[in-house]
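User: I would like to learn how to read ring contacts and sheet packing in a model. Can we work through one together?

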Amino acid sequence: MPRRPCTGTVRGLKGQTICFTGRVLVDGAWTVRTDCAKRAGQHGAIPKTDFSRKVTLVVYGDLASKVVTDDRRAYSSTLVDAEAERSRGRHICVVDADGFSKLLKGRPAPCLELRRAGTRRVRPVAAATTEGRILGGPLRVRRTGRRLSGDLTLDLGRLDKATTAHEATIGALIAYLSHQDVEACTYAPGAPEFDAGWSRGDEVFVAEIKSLTGAREDQQIRLGIGQVLDYAHQLRTAFPGTVIRPILVLERRPSDARWAALAGSVGLRLTWAPGFPGI
């Protein structure tokens, strides 16, 4: 049978034939298999109660980070069977609870590796912890358009990304890093959607960029701090062997000096255009 290619990322649930190893922790709530199957079906997936050669995606829940050893139980043998199919050349994608939660939200999720740990023993693990799983392609400045009054109902973080000041700050950051022979990158598929990222040695820097023009300064800075700390936490959990440095980049120097002290106290760097001190 021809090998089914896998880029390391599951793009969505639509068209997937899916089965579950057990209950799944979805957004902080344990969800039984029948409810998981129903929600997956609402997104275009075809749920199956047992593993078969038609299955293309396995979601493992309460087995996360454990070695599967009990061959007599269906939820255990599912991963063993999935690994066997992979060895025959038919790739079965596997995601954990966090990955399934992302897919339900329409976001991509990383496909996990399956490693043998003895006869009829399989360990699900995250893909190799390299910056390539965090940083994507080169970062580019996007064109921006006029905002309609109805846009005010949108998520503030996404709305900020549409402003001219936001993109101008990105352009200035790209140029600043380029002068240091550092390439600014976007996020990799499946990684948190940070504004900019780059690496120096063994460290990976992830930045949230906030414009201050036409907005309340304190609101923008508070929002940016929360976003970049969330990104850093997600990445440190997914890539424990990688040093993650969160950075909040502002359009200009903040008027209140307390923000620099606050940023330092929670372990992130605060910088601003055009000089980008500290980076």
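**Rings, charges and a sheet**

Analyst: Start with a charge over a ring. The charged end of R258 sits over the ring of W259, 3.9 Å from the ring centre. Keep in mind that this is a predicted model.

User: Which ring does the charged end of R23 sit over?

Analyst: That of W30. The distance to the ring centre is 4.2 Å.

User: How is a pair of aromatic rings described?

Analyst: By two values: the distance between the centres and the angle between the planes. Here the count comes to 4 aromatic pairs. Take F20 and F100. Their ring centres are 5.3 Å apart and their planes stand at 80°, so this pair is edge-to-face. The cut-off for that label is over 60 degrees.

User: Where in the chain do F20 and F100 lie?

Analyst: F20 is in strand β2 and F100 is in helix α3. They are 80 residues apart, so the pair links distant parts of the chain.

User: Is F20 buried or exposed?

Analyst: Buried. Its relative accessible area is 4%. F100 is buried as well, at 0% relative accessibility. The cut-off is under 20%.

User: What kind of pair do Y176 and F276 form?

Analyst: A tilted one. The centres are 5.3 Å apart, and the planes make 50°. Y176 belongs to helix α5 (residues 164–178), while F276 is in the segment after β16 (269–272). The pair therefore ties together parts 100 residues apart in sequence.

User: How accessible are Y176 and F276?

Analyst: Y176 is partly exposed, with 24% relative accessibility. F276 is buried, at 1%.

User: Now the sheet. In what order do the strands of the open sheet come?

Analyst: The order is β5-β2-β6-β7, with parallel pairing across 4 strands. At the edges are β5 (46–47) and β7 (93–95), each paired on one side only.

User: How many bridges join β2 to β6?

Analyst: There are 3, between residues 17–20 of β2 and residues 57–59 of β6. In this parallel arrangement, I18 stands opposite L57 of β6.

User: Which strands does helix α1 touch?

Analyst: Helix α1 (residues 33–42) packs on the sheet and touches β2 and β5. Its direction makes about 160° with that of β2.

User: And which strands does helix α3 lie across?

Analyst: Helix α3 (residues 97–104) lies across β2, β6 and β7. It runs at about 100° to β7. Recall the ring pair: F20 in β2 and F100 in α3.

Methods
Residues numbered from 1 in each chain as written. Predicted model: local features only at pLDDT ≥ 70, side-chain atom pairs only at ≥ 80, totals over all residues. Heavy atoms only, no water. Pairing = 2+ DSSP bridges. Helix = DSSP H or I, 4+ residues; strand = E, 2+ residues; numbered from the N terminus. Contact = heavy atoms within 4.5 Å. Axes fitted to C-alpha atoms, helices over the stretch in contact; angles between N-to-C directions. Phe/Tyr/Trp six-rings, centres within 6.5 Å; stacked < 30°, edge-to-face > 60°. Buried < 20%, exposed > 50% of the residue type's maximum accessible area, 1.4 Å probe, protein only. Lys NZ or Arg CZ within 6 Å of the ring centre and 35° of its normal.
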